[in-house]
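Open your viewer, switch to a cartoon view and keep the selection box handy. Here is a short tour, one stop at a time.

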Amino acid sequence: RFCPRIADGEVRVHMIGDKVLSLVHRKQSGPAVLQPDTPVFAGLVTAIRRDMPALMSRLGLHGRLLPLVWSADFVNVEPGTPGTPSTLGQWAAHSFDCSGADPVKCDPGHVNDMASLIGATATCTLRSGS
């Protein structure tokens, strides 16, 4: 198979501008909503933050604003057999989506955090004139 670890699931990273809001680890057994500081995905979150300027440049969007609400889906591309231990250190983005996070599936506290961060990010963007 092209990506043998797809059976281990994928990770959707919900973003507000350049801030990681949450992670959803989607596996066959069902999704798990996780905080950005979840240790098992620390490398992925660090890579997203580190690589964002290069990604924007490669997409021809250098100097442009990120969408206010967006997400990216990643699969583990580390060689190995599905279901066996993995360092979860090698990721490939396979899709980007600007339709936003689905607050209906989130707990109320997460929706409040998301709304506050959206408001703060939009206000900051408007004040900066960008």
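How many residues does the hairpin use to join E2 to E3? Two: the hairpin links E2 to E3 through two residues. Before you click any further, keep in mind that this is a predicted model.

**Stop 1: E2 and E3**

Select residues 19–27 for strand E2 and residues 30–34 for strand E3. The two strands run antiparallel, and five bridges join them. To see how they line up, show Leu 23 and look for its bridge partner in E3, which is Leu 34. Then show Val 24, whose bridge partner in E3 is Val 33.

**Stop 2: back to E1**

Now add strand E1, residues 10–16. E1 and E2 also pair in the antiparallel sense, here over seven bridges. Pick Val 11 and you'll find it opposite His 25 in E2. E1 and E2 form a hairpin too, with two residues between the strands. Click on Gly 17 in this hairpin: it takes a positive phi near 60 degrees.

**Stop 3: the whole sheet**

Next, bring in strand E4 (residues 69–76) and strand E5 (91–97). Six bridges join E4 to E5, and this pair runs antiparallel. For a checkpoint, find Ser 71, which stands opposite Asp 97 in E5.

With everything selected, in what order do the five strands lie? Reading across the open sheet, you get E3-E2-E1-E4-E5, with antiparallel pairing. E3 and E5 stand at the edges with a single partner strand each, so one side of each has no neighbour in the sheet. Tilt the view a little and look at the twist: neighbouring strands are turned by 25 degrees against each other on average, direction ignored.

**Stop 4: the helix across the sheet**

Select residues 42–58, which make up helix H1. H1 lies across E1, E2, E4 and E5. Compare its direction with that of E1, and you'll see H1 running at about 60 degrees to that strand.

**Stop 5: the nonpolar core**

Time to turn on side chains. In soluble globular proteins, nonpolar side chains tend to be buried together. The largest nonpolar core here has 15 residues. Which of them touch the most other members? Show Val 11, Val 13, Met 15, Leu 23, Leu 44, Ile 48 and Phe 74. E1, E2, H1 and E4 are the elements that give two or more residues to this core, and H1 gives the most, with five.

Zoom in on Leu 23, which you met at the first stop as the bridge partner of Leu 34. Leaving aside residues up to four places away in sequence, Leu 23 touches several residues, among them Val 11, Val 13, Phe 41 and Val 45. Its contacts also include Ala 32, Val 33 and Pro 36.

**Stop 6: charged pairs**

Side chains of opposite charge can pair when their charged atoms come close. How many salt bridges does the structure hold? There are five. Start with Arg 12 and Asp 73, whose closest N and O atoms are 2.6 Å apart. Arg 12 lies in strand E1 and Asp 73 in strand E4, so the pair ties together parts that are 61 residues apart in sequence. Is Asp 73 buried or exposed? Asp 73 is buried, with a relative accessible area of 4%. Now add Glu 10 and Arg 26 to the selection: together with Arg 12 and Asp 73, they are linked in a network of salt bridges.

Two more pairs are worth a click. Lys 19 forms a salt bridge with Asp 18, and their closest N and O atoms are 3.4 Å apart. Lys 19 is partly exposed, at 38% relative accessibility. Over on the other pair, the side chains of Arg 50 and Asp 51 meet in a salt bridge at 2.9 Å, N to O. Arg 50 is exposed, with a relative accessible area of 56%, whereas Asp 51 is partly exposed at 34%.

**Last stop: the cysteines**

Finish by selecting Cys 98, which is exposed at 54% relative accessibility. Cys 124 counts as exposed as well, at 52%. You can skip looking for disulfides, since the structure holds zero.

How values were computed: Residues numbered from 1 in each chain as written. Predicted model: local features only at pLDDT ≥ 70, side-chain atom pairs only at ≥ 80, totals over all residues. Heavy atoms only, no water. Pairing = 2+ DSSP bridges. Helix = DSSP H or I, 4+ residues; strand = E, 2+ residues; numbered from the N terminus. Axes fitted to C-alpha atoms, helices over the stretch in contact; angles between N-to-C directions. Contact = heavy atoms within 4.5 Å. Core = buried A, V, L, I, M, F, W, Y, C linked by side-chain atoms within 4.5 Å. Buried < 20%, exposed > 50% of the residue type's maximum accessible area, 1.4 Å probe, protein only. Salt bridge = Lys/Arg side-chain N within 4 Å of Asp/Glu carboxyl O. Disulfide = S-S within 2.5 Å.
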